[in-house]
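Me: I would like to go through this model and ask, for each label put on a residue or a space, what the label rests on. Please set each value against its cut-off before drawing a conclusion.

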Amino acid sequence: MLSISSLPSSYGIGTFGDAAFRFIDLLADLKQKYWQVLPMGPTSIGDSPFQSLSAFAGNPYFIDLDDLIEEGLLRQEEVASYNWGSNHANVDYGILYENRFSVLKSAYERFDKENEAFQKFCEQEKDWLEDYSFFMALKAFFGNKAWNQWDKALKDREEKALLEYHEILKEQIDFWKFCQFEFFKQWYALKKYANRKGIQMIGDMPFYTAYDSADVWVHRENFQLDEEGGMHNMAAVPPDAFSMKGQIWGNPLYDWNHMETEDFDWWRMRMKQYASMYDVIKLDHFNGIVKYYSMQTGKTDARYGKWFKGPGKKLVDVLAEAAGDRQIIAEDIGVVMPAAKKLEQKYDWYGMKVMLFAFDGDAGNEHLPHNYSDTRIVVYAGTHDNDTIVGYYRDKTEYELAYMYSYLDVNKKEEIADAIIREAYSSIADVVILQMQDILQLGNEARMNQPSTVGINWKWRILNDSLTEERRNWIRTLTALYKR
């Protein structure tokens with residue numbers, strides 16, 4: 001598992017450029033079969049890919065500038081004139097926000113909007129592209145304020161105001177369409193290359209969308225909002241392995257009753273898009289389809305939320321149909337919900353296990369490999385929300401690690417990381433996913449996300465040639481040894 005943002009590049013963040021193609025070459029060389037990426041939607045305040053400005057659009061930061069130079073849309077000297085940050089090990093989102101769109105606008109000014117490929121893209125994606133591009137143009141016009149702070153006529157989508165501003169912002173709307181055209185063109189070229197190399201791409205579909213998003217502005221009826229567009233309740237989760245007080249996500253909750261009257265068309269469209277973008281789809285927070293957790297807006301302790309019934313099988317039927325022949329990974333970790341397990345089994349979807357959850361509790365822990373009873377699972381050493389393996393054990397006492405030592409048959413901390421990876425590879429699980437940070441044996445300085453925190457996440461980047469030949473040989477050996 002490696003986020004596109006974590007790839008090396010000269011322009012402040014990973015892109016769909018040469019480094020992405022080289023990473024695919026590396027995976028093929030290591031005899032691997034999958035590359036899981038994090039959600040690729042456009043990010044906003046907080047930089048989280050799980051709080052995207054659109055459930056359908058791609059992140060313009062991932063557009064490779066060297067490709068635009070090759071197309072003749074940019075010049076090397078003008079790209080080099082911008083500050084992309086001095087720390088190649090971390091993304092500086094502030095600098096990106098200040099500079100990336102200026103460069104992309106220069107490319108847009110040289111772009112032929114009448115070309116056939118662009119026109120075809122705009123027509124094919126119009127069901128979401130028009131709304132998203134208009135939304136982004138309006139955000140820029142109103143100083144990047146959230147949609148509920150715009151002029152009332154626009155906030156409430158009065159037809160006269162929409163027509164007036166659509167004409168005023170026509171050029172800016174086309175710019176955002178151009179960004180999406182380049183994003184998807186580059187992504188599909190990368191995916192095609194991966195598939196030719198025998199690598200399948202796994203995409204992570206967020207369960208919720210951000211309040212300040214095109215989806216909420218355009219389809220307020222799909223969400224639990226009041227007449228003014230405000231949230232009285234919001235998405236959260238109760239205490240779990242990540243937080244003793246639970247997590248307050250802050251997303252708007254879905255109005256499942258209304259969505260059902262429209263046969264879950266919004267979800268069907270999302271799944272169809274993901275099925276075209278990825279070979280395998282991971283459904284984030286799958287348990288939320290069965291039961292979702294709600295807490296009052298403004299509260300600061302997620303322990304005081306309430307559970308409500310979700311759409312369950314009705315929505316899963318729609319998602320299964322829309323996914324077609326794509327494999328689905330149901331993120332069923334967290335609070336145990338037997339009804340969610342039954343649904344994933346009904347459709348032969350994959351469940352999840354996480355090795356870093358395995359050593360809390362006793363020998364009956366469901367994440368311990370000896371308790372796996374079904375091969376149709378994906379076992380992760382850790383996810384983007386976990387410590388790295390090294391970060392997990394670094395500050396623990398010998399007493400706390402005693403069971404882990406015995407289970408993994410190791411004698412010291414330095415042996416734990418590779419022992420966990422070996423244990424995952426040797427399990428009966430059909431698929432094993434490792435974070436690149438864990439293969440590199442990095443500590444929590446490389447942790448991707450720490451739930452319930454803001455401003456320190458989603459920044460880590462891999463450096464060129466980080467993986468030694470010794471580590472490459474070790475991964476190849478494990479892969480062959482356990483027929484991965």
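Reply: A residue is called exposed when its relative accessible area is over 50%, buried when that area is under 20%, and partly exposed in between. Please keep in mind throughout that this is a predicted model.

Me: Which residues of α5 are exposed, and which are buried?

Reply: E116, K120 and Q124 are exposed, whereas F118, F121 and C122 are the buried residues of this helix, which spans residues 116-124.

Me: How do you know that the buried residues of α5 are on the same side of the helix?

Reply: F118, F121 and C122 cover an arc of only 95° around the axis, and therefore they lie on the same side of α5. An α-helix has 3.6 residues a turn, so residues three or four places apart point the same way. The exposed residues E116, K120 and Q124 are on the other side of α5. What covers the buried residues includes α6 and α9 (170-196).

Me: What makes N115 a cap of the N-terminal end of α5?

Reply: A side-chain oxygen of N115 lies 3.1 Å from the backbone nitrogen of A117, and the limit for a polar contact between N or O atoms is 3.5 Å, so the pair falls within it.

Me: Which residues of α13 are buried, and what do they pack against?

Reply: In α13 (residues 313-323) the buried residues are L315, V316, V318, L319, A320, A322 and A323. These buried residues pack against α11 (256-261), α12, β5, β8 (327-330) and α14 (338-346). The helix is followed by G324, which has a positive phi, near 60°.

Me: Why is D47 called buried, and what is there to say about its backbone?

Reply: D47 has a relative accessibility of 17%, and because the label buried applies under 20%, D47 counts as buried. Its place is in the loop between β1 (34-36) and α2 (65-70). Phi of D47 is near 65°, which is a positive value in a residue other than glycine. Most residues other than glycine have a negative phi.

Me: Is H285 buried or exposed, and what is the sign of its phi, positive or negative?

Reply: With a relative accessible area of 12%, H285 is under the 20% cut-off and is therefore buried. H285 lies in the loop between β5 (280-283) and β6 (291-296), and its phi, near 50°, is a positive value in a residue other than glycine.

Me: Why is D430 called partly exposed?

Reply: The relative accessibility of D430 is 36%, which is neither under 20% nor over 50%, so D430 counts as partly exposed. D430 is found in the loop between α17 (416-426) and β11 (431-433). Not counting residues up to four places away in sequence, D430 touches Y350, T375, R376, I377 and R484. From D47, D430 is 383 residues apart in sequence and 33 Å apart in space, C-alpha to C-alpha.

Me: Why does N222 count as buried, and which residues is it in contact with?

Reply: At 2% relative accessibility N222 is under 20%, and so N222 counts as buried. N222 is found in the loop between α10 (214-218) and β3 (233-237). Leaving aside neighbours within four places in sequence, N222 is in contact with L253, Y254, D255, H258, M259, E262 and W266.

Me: What makes an empty space a cavity, and how many are found here?

Reply: A space is called a cavity when a 1.4 Å probe fits there but cannot get out, whereas a pocket is open. A search of the whole structure finds six cavities of 30 Å³ or more. The largest cavity holds about 160 Å³ of space, and of the 23 residues that line it, the closest to its centre are G41, S54, A55, A57 and Y274. α12 (265-277) gives the most to this lining, with four residues. The lining of the largest cavity divides into 15 nonpolar residues, seven polar and one charged.

Me: What volume does the second largest pocket have, and which residues are closest to its centre?

Reply: The second largest pocket has a volume of about 480 Å³. Of its 23 lining residues, Y61, Y97, F101, M136 and N144 are the closest to its centre. Helix α4 (93-109) supplies the largest share of the lining, namely seven residues. The lining of this pocket comprises 12 nonpolar, seven polar and four charged residues.

Key: Residues numbered from 1 in each chain as written. Predicted model: local features only at pLDDT ≥ 70, side-chain atom pairs only at ≥ 80, totals over all residues. Heavy atoms only, no water. 1 Å grid on protein atoms, 1.4 Å probe; cavity = no way out; pocket = protein on both sides within 12 Å on 5 of 7 lines; lining within 4 Å. Points joined across faces, edges and corners; volume = space filled by probe spheres on them. Helix = DSSP H or I, 4+ residues; strand = E, 2+ residues; numbered from the N terminus. Nonpolar A, V, L, I, M, F, W, Y, C, P; charged D, E, K, R; others polar. Buried < 20%, exposed > 50% of the residue type's maximum accessible area, 1.4 Å probe, protein only. Arc of directions from axis to C-beta. Contact = heavy atoms within 4.5 Å. Polar contact = N/O pair within 3.5 Å; in protein donor to acceptor, adjacent residues only side chain to side chain.
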